[in-house]
Each structure stands twice: as structure tokens, then as C-alpha cells.
Amino acid sequence: MSKLGIYVHIPFCESKCLYCDFASFSGAENKQEQYFQFLLNEIKGSQYKGREVDTIFIGGGTPSCVKPDYIESVLRTIKETFVLLDDAEITIECNPNSVDERKLSLYKTCGINRISFGVQSLQDETLKKIGRLHNRDMALGAIALARRLGFNNINADLMLGLPNATEEKVLSDAEILIGYGVTHISAYMLQVEQGTPLFELIRKDPEFVPSDDESVIIYEKLANFLEKNGFLRYEISNFAKTGYECKHNLKYWSGEDYIGFGLAAHSLIRGKKVDQRIANSKNFEEYFAEKKTIDKLYVTDKIVEKIMLGLRCKLGFSQRELESLGYVVKRNRNFKKFLEQGIIFEDGDRVKINPKYYGVSNYIIVNLLPEDF
Ligand SMILES: C[S@@+](CC[C@H](N)C(=O)[O-])C[C@H]1O[C@@H](n2cnc3c(N)ncnc32)[C@H](O)[C@@H]1O
Ligand code: SF4
């Protein structure tokens, strides 16, 4: 039986960033005690009790904005309920403004060995415009502190397409972060989500952010820069020094089992015939009432998922696996065209995107899906 990855969602933030559409709430401190009580019970009652676990990802929201004792109790409960392997990767997402020496030391004592900092940018003007609570000095100070305390597996999230972004600024941010010793950089293209304050700002002033074309060029330049500096792209938005790829996220992309605890958390459990995707509710009351949505993934869903997830990663997808699900991708009329144009290539049984075309991967993926999809 494969080893499990566990995701734990902490839905609290000190304030809401202008672009953020994640299940996270500011001003909900009065719910924290009840939330953690419920979360611990959810973990204890898991039907996958006793399974071996090799990755844990505590994400949010902002896990670093709650009392570290809550985080400690979550990890203790996971250890009591599952078999946590000695070399498990245990990540926590932290905002640079909400960590200090005591908190990070406690994380270390309870086994956390990977920190993911939401840096987004090192430009103070940009950070202010998107409603972040930290500035450049706080971000760099937090990374330096984590390093001093002995964390040697550190990620920095960057966002592309933010206000005032230029190639020079983004590359300079990346260079400084590398100099501070991060081992992994995630570079996410800004998603402008309806209902967020940023959506309204851009509706009124489309030039509030750079154009998509400009952002794609910056993404390509950043990818080249990172690869030259030993950060290899192993997924469209993720770059790591060899050996520092995020094992937890690799599970999502390679289609392995994972379970999620907490508000809005998802689980994917593979079955012999049908896979199940289970999603906890995104609202506190429904989560406390154990409301979940269960989707069964049938053959077509599995084919689509394998192509989508595979092509986002440097691993690509296996033609044999797709054939076992009844889809001969070579018969898709775009397959031959993309192959001849050098947009995709075959590596044995696997099909991969030429890294030059990662910026337009969505277009490639859509055109390789089953034609009747
Ligand atoms: C869900 S957040 C949690 C981490 C932490 N709260 C933080 O923001 O620093 C994880 C990452 O998602 C990215 N993110 C959030 N909203 C996004 C959006 N609308 N578009 C692109 N990336 C986004 C940010 O880079 C962020 O660091
Ligand atoms: S801190 Fe992170 S999770 Fe919270 S609102 Fe900002 S981006 Fe979203």
C-alpha cells in the first residue's frame, strides 16, 4: 500500500490580501479553539488510521499566525493516529511577519523540517499595493532566522504579474533569495479571482498590473535565471535545488493518495475501479457539521487528470497508462502536430512538454485531451 501524504488546513489570517481567494479568514480568532478541537477529532477519527505517512503539509491561510501550541497538538495527534516515518517531510507555510525565534524553534522541536515563506516580492511598494503585512526586511529576516535555527529546506513563494513588476525587479528578488539560502522557489502567476478587491481594482484600472504577455516573458526569464543558478524546474511553477523538490506536492502531481484535514481540505483516495475525491466544506458551520462533497472520478476524469498533472511536471505522462484507460493519445490529431513542431517530445513511453513552451502549457494540455471531452 502506498504511503500517505497528509494536508492540514489552517484557515486563519491576520488580514486578507487583496488578491486572495483561498479559504482563509481574518478576524475569526474567536473560532480558533473550537476549530482546533474539531480538527484534532477529525484526525483521530480518520478511517486511514495506522497507515504509513511520509509527508505532512500544514498550509493555509496562515499557520504561523496561530499559537504554536496548536500546531504542536496537530502534529502530536497525527503521530498518535498514523505511523509517521522517520524521514517524513513536514512542511509549514509561514508569513514572514508572523514568525519569531520561539515559534520557529518550537516548530523544529516538533519535527517540522521544511518552511515555506510567502514572500511574493521583495519590493516594498508592490507588497503594500497587494495588501501584505510584511516588507522586504521582514521577509529576509525571517529566512535568515530560519536558517540560523537549522532549517535547511526553505521555500519562498513569489508571485508574477504583480503591480510594478519588471524583469529586473523579479530577477533581483530571486537573486537575493538565492543568496539568503532558500532551496526552493515557487513562482505563481497571479490569478485575478472574481470577488476579490484586486479584481475590482483591475476592472477600474487595467494597467494596475502588467499585461499577461509581459508576465509570461518575465516568467520565462525567471525560469532561465533560476535554472542557471541550479534551481531546476520540476513543475510549471516550482523550482528546486536537486534533492529539495517538495515531496508532498509531487504526490498531488503524480496522482498518489493524500488525505486532507480541516476546513476546505481535499482528499484523494484511489480505488480499484473508481477514485474518490472528498472535499470538506469551506465554511466553519458546515465544516463543524461534517459536511463534505464526494466526487467519484471515472475513466474520463482519470485520463484528463493524468494529462493535466503530468504535463505540468517534468515527468510528463505515460502513454501506456492512458492506453490502459482506453485513450490512445497518438490518435489525437494535435499530438502529431505538436510533436513535429517540437512543442512536446517523447521520452520512451512518456510524453513531456518542451520546457520552452511551459508558458503556454494550458493551451497544449487542452488540445491533447480526448476529442470528445
Ligand atoms: C494560500 S497561500 C498560503 C501562504 C501564506 N498565507 C502566504 O500568503 O504567505 C500560498 C501561496 O499561494 C499564492 N497565491 C495566493 N493567492 C494567489 C493568487 N490569487 N494568484 C497566484 N498565487 C496566489 C501565494 O504565493 C501564497 O504564498
Ligand atoms: S496571507 Fe496567504 S492565505 Fe492569507 S489572505 Fe494572504 S495570501 Fe491568502
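## Parallel pairing around β3

In this predicted model, strands β3 and β4 pair in the parallel sense, and four bridges connect the two. One residue pair places this register on the sequence: C94 has F117, in β4, as its bridge partner.

Strand β3, which spans residues 83-94, also pairs in the parallel sense with β2, residues 52-60, here over six bridges. Within that pairing, I56 stands opposite I90 of β3. Between β2 and β3 the chain passes through helix α2, residues 68-81, and the β-α-β crossover formed in this way is right-handed.

## The shell around ligand 1

Strand β4 returns in the surroundings of ligand 1, since β4 (114-120), β5 (154-160) and β6 (184-189) each contribute at least two residues to the shell around this molecule. The shell holds 16 residues in total, and the closest of them are G61, N95, Q120, R132 and D157. By residue class, the shell around ligand 1 comprises six nonpolar, seven polar and three charged residues.

## Polar contacts and burial of the ligand

Which side chains place an N or O atom 2.7 Å and 2.6 Å from an oxygen atom of ligand 1? The 2.7 Å separation involves the side chain of Q120, while the 2.6 Å separation involves the side chain of D157. Both Q120 and D157 are also listed among the residues closest to the ligand.

A further contact uses the backbone of the protein: a nitrogen atom of ligand 1 lies 2.9 Å from a polar backbone atom of Q191. As for the ligand surface, ligand 1 taken alone would expose 550 Å², of which the protein buries 92%.

## A three-stranded antiparallel sheet

Elsewhere in the sequence, three strands form an open sheet in the order β13-β15-β14, and their pairing is antiparallel. The edges of this sheet are occupied by β13 (317-318) and β14 (344-347), each of which pairs on one side only.

How many bridges join β14 to β15? Four bridges join β14 to β15, the latter covering residues 350-353, and the two strands run antiparallel. In the β15 strand, I353 is the bridge partner of I344. Both senses of pairing are thus represented in the model, with β2 and β3 pairing in the parallel sense and β14 and β15 running antiparallel; in general, the strands of a sheet pair through backbone hydrogen bonds, in either a parallel or an antiparallel manner.

Terms used. Residues numbered from 1 in each chain as written. Chains lettered and ligands numbered in written order. Predicted model: local features only at pLDDT ≥ 70, side-chain atom pairs only at ≥ 80, totals over all residues. Heavy atoms only, no water. Near = heavy atom within 4 Å. Polar contact = N/O pair within 3.5 Å; in protein donor to acceptor, adjacent residues only side chain to side chain. Areas by Shrake-Rupley, 256 points an atom, 1.4 Å probe, with all protein chains shown as cover. Nonpolar A, V, L, I, M, F, W, Y, C, P; charged D, E, K, R; others polar. Pairing = 2+ DSSP bridges. Right-handed = clockwise from strand over helix to strand, strands pointing away.
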